[in-house]
Amino acid sequence: MSMFDQIKRTFRNGNSLIRLIYINIAVYIALQLLLIISRLFNFDFDPLSYLAIPADLTSILHRPWTIVSYMFLHEQLFHILFNMLALYWFGQLFLMFFSQKQLVSLYLIGGFAGAIFYVASYNIFPFFQPVLHQSILMGASASIMAIIVAS
């Protein structure tokens, strides 16, 4: 059995925690491949600007999918490594007391809450006005922090 077949089987038979980790890793690998290809061919394409949530409210209206997509994005290796380690450790602890469905729900709700807090902060506080139009948020930190707090 090949390694790819083992990964598919683990994803299919694994719990929701393993699936969340696999989805995050798959998105990270796909993003890295897109970045490499765009650099090699000198494309002026930044996938982060289409998938990460912007701080500017008008930009969010033009890209509403970013409210979900940002919580699966990681730009650097250590960013995803430490997020996935924390998700695995605290997700295992969470699953000792709660269901898999509650884990996924909390992951998404924590991500939504993090996005709302980020966008509200950038639009309320005058300190952030100079960088409002170029600021983006990405990563599963808000989702993972919700799982940590719940655990």
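**Exercise 1. The largest pocket**

Which helices each supply at least two residues of the lining of the largest pocket? Work from the predicted model, and describe the pocket too.

*Solution.*
- Step 1. List the lining. Phe4, Ile7, Lys8, Phe11, Tyr22, Ile25, Ala26 and Ile29 line the largest pocket.
- Step 2. Assign the helices. At least two lining residues come from helix 1, and at least two from helix 2.
- Step 3. Sort by class. The lining holds 7 nonpolar residues, 1 charged residue and no polar ones.
- Step 4. Give the volume. The largest pocket takes up about 220 Å³.

**Exercise 2. Two helices in contact**

Find how helix 1 and helix 2 pack, and name the residues that meet.

*Solution.*
- Step 1. Locate the helices. Helix 1 covers residues 3-13, and helix 2 covers residues 16-40.
- Step 2. Read the geometry. The angle between the two is about 135°, and their axes are 8 Å apart.
- Step 3. Name the arrangement. Angles over 145 degrees count as roughly antiparallel and those from 65 to 115 as roughly perpendicular. This angle fits neither range, so helix 1 is oblique to helix 2.
- Step 4. List the contact. Helix 1 brings Ile7, Thr10, Phe11 and Arg12. Helix 2 brings Ile18, Arg19, Tyr22 and Ile23.
- Step 5. Sort these residues. The contact of helix 1 with helix 2 has 5 nonpolar, 1 polar and 2 charged residues.

**Exercise 3. Two loop residues**

Decide for Ser135 and for Asn42: buried or exposed?

*Solution.*
- Step 1. Place Ser135. The loop between helix 7 (100-124) and strand 2 (136-137) contains Ser135.
- Step 2. Apply the cut-off. Buried means under 20% relative accessible area. Ser135 has 12%, so Ser135 is buried.
- Step 3. Find the neighbours. Leaving out residues up to four places away in sequence, Ser135 touches Ile53, Pro54, Ala55, Tyr118 and Tyr122.
- Step 4. Place Asn42. The loop between helix 2 and helix 3 (48-51) contains Asn42.
- Step 5. Apply the other cut-off. Exposed means over 50%. Asn42 reaches 69%, so Asn42 is exposed.
- Step 6. Check the backbone. Most residues other than glycine have a negative phi. Asn42 has a positive phi, near 55°.

**Exercise 4. Apart in sequence**

How many Å apart in space are Ala120 and Asp56, C-alpha to C-alpha?

*Solution.*
- Step 1. Place Ala120. This residue is in helix 7.
- Step 2. Judge its exposure. At 32% relative accessibility, Ala120 is partly exposed.
- Step 3. Compare the two separations. Ala120 and Asp56 are 64 residues apart in sequence. Their C-alpha atoms are 9.5 Å apart.

Key
Residues are numbered from 1 along each chain as its sequence is written. This is a predicted model: local features need pLDDT of at least 70, side-chain atom pairs count only at pLDDT 80 or more; totals for chains, interfaces and linings use all residues. Side-chain values use heavy atoms; hydrogens and water are left out. Helices (H or I, at least four residues) and strands (E, at least two) are DSSP runs, numbered from the N terminus. Buried means under 20% relative accessible area, exposed over 50%, partly exposed in between (1.4 Å probe, protein chains only). Contact means heavy atoms within 4.5 Å. Axes are lines fitted to C-alpha atoms, for helices over the stretch in contact, and angles run from 0 to 180 degrees between N-to-C directions. Angles under 35 degrees count as roughly parallel, over 145 as roughly antiparallel, 65 to 115 as roughly perpendicular and the rest as oblique. Ala, Val, Leu, Ile, Met, Phe, Trp, Tyr, Cys and Pro count as nonpolar, Asp, Glu, Lys and Arg as charged, and the others, Gly among them, as polar. On a 1 Å grid over the protein atoms alone, a cavity is a set of points where a 1.4 Å probe fits but cannot get out, and a pocket is an open set with protein on both sides within 12 Å along at least five of seven lines; lining residues have an atom within 4 Å of a point. Grid points are joined across faces, edges and corners, and a volume is the space filled by probe spheres set on the points.
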